[in-house]
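Let's take a walk through this one together, starting from the inside and working out to how some of its helices pack.

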Amino acid sequence: MSSPALTSAQAEAAQPRGLRAARPRGPRVPRGLPFIVPYLPFLIAFGIAPMLYALDLAVTNANGGVTGFHNFVRTFRDYRFVPAFEHILLYTSVWLGTLIVFVVGLALLLHGRANRVSSAFRFLFYMPGALAGAASVLVWLFMLDPAVSPGSFLLRMFGVDLFVKAIAPGNLPFVFAMIAFWTGAGGWIVVMYGALNTISPDLEEAARIDGAGPLTIALRLKLPLIRKWIAYMVILSFATGTQLFVEPEIVQHASFGLVPDTWSANQLAYQLAFRYADFNAAAAIAVDLLAIGLVGAVLIVTRTGLFRTDD
């Protein structure tokens, strides 16, 4: 007859004294709490409060009366609404695609190089990110003008001999994606490189012993282990992309009206608020952008298990 199972207290007493787990005493405080407490007032003042204010404006009229979804329906019927969101969808698709492929690819290539070489390249990649959004747009407007650009021969190879052709409406999603990649990719390369450094060298050594080459190690070992970091990059970049405003606004002024001033959803909200004084409609568009960002974030988090912890 087998002996009965030990209770948890008996099992703990049977362990050597040095191996017994110390039981926490008193209320448990999350370790990350001291790091987020200083940020909370700013989050409430500049994040949550404006969001609640926008929600209130979106479901009311100019007199404060509740209108429900009237503002959302009204803005959706605006002839500029669908084209603005189509532009944003195309732009974010191009930008996120290039961001995932090139940022992850360059980070994997740098991780396989000597530290001195990778440090120099990481610094070079990060430098364009030091420019503000407006400054980077001005630089690229200069680069896209065949009359003054040092790369004018490349522009002419693609049939672009005039500045207006470079910023034609059909080219704008790709132009803005190129500007965003140039200014933002370097910072994400540094982040991905740091994520790759968390991978234990023992895993790579074991893979080499098993006969895996550099490409196999990169695709089968390193890439799955930084999947959560890639998801984090996609969430933040998607949210940033839907808020596009500075780039098309500056290009609109530089093109003397060739590009419409409602090219992006944020531009449309700006025009409704400050040209037509329709703050309720502008708030409805802002809530639409918020909803799109939240839905995208939820889908990415659930599909990738971003916050899943290993037991």
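What follows looks at the nonpolar cores and then at two helix pairs.

Keep in mind that this is a predicted model. A good place to start is the largest nonpolar core, which has 60 residues. Inside that core, the residues with the most contacts are Val103, Phe176, Ile226, Val251 and Ile285. Several helices chip in at least two residues each, among them H5 (81-111), H10 (172-196), H13 (227-242), H15 and H16. Take Ile226 as an example: leaving aside residues up to four places away in sequence, Ile226 touches Val104, Met192, Ala195, Leu196 and Ile199. There's also a second, separate core of 6 residues, including Leu57, Ala58, Phe72 and Val287.

Now for the first helix pair. H15 (residues 265-274) and H16 (residues 279-304) have axes that come within 7 Å and cross at roughly 160°. Angles over 145 degrees count as roughly antiparallel, so that's what H15 is relative to H16. The crossing itself is left-handed. On the H15 side, the residues in contact include Leu268, Leu272 and Phe274, and they meet a set in H16 that includes Phe279, Ile285 and Leu289. By class, this contact has 11 nonpolar residues, 1 polar and no charged ones.

The second pair is H10 with H14 (residues 246-254). Here the axes sit 10 Å apart and the angle is about 120°, which makes H10 oblique to H14. This crossing is right-handed. H10 brings Leu172, Phe176 and Ile179, while H14 brings Glu247, Pro248 and Val251. The tally by class is 5 nonpolar, no polar and 1 charged. You'll recognize Phe176 and Val251 from the list of core residues with the most contacts.

Notes. Residues numbered from 1 in each chain as written. Predicted model: local features only at pLDDT ≥ 70, side-chain atom pairs only at ≥ 80, totals over all residues. Heavy atoms only, no water. Axes fitted to C-alpha atoms, helices over the stretch in contact; angles between N-to-C directions. Helix = DSSP H or I, 4+ residues; strand = E, 2+ residues; numbered from the N terminus. Parallel < 35°, antiparallel > 145°, perpendicular 65-115°, else oblique. Left-handed = near helix turned anticlockwise from the far one by under 90°. Contact = heavy atoms within 4.5 Å. Nonpolar A, V, L, I, M, F, W, Y, C, P; charged D, E, K, R; others polar. Core = buried A, V, L, I, M, F, W, Y, C linked by side-chain atoms within 4.5 Å. Buried < 20%, exposed > 50% of the residue type's maximum accessible area, 1.4 Å probe, protein only.
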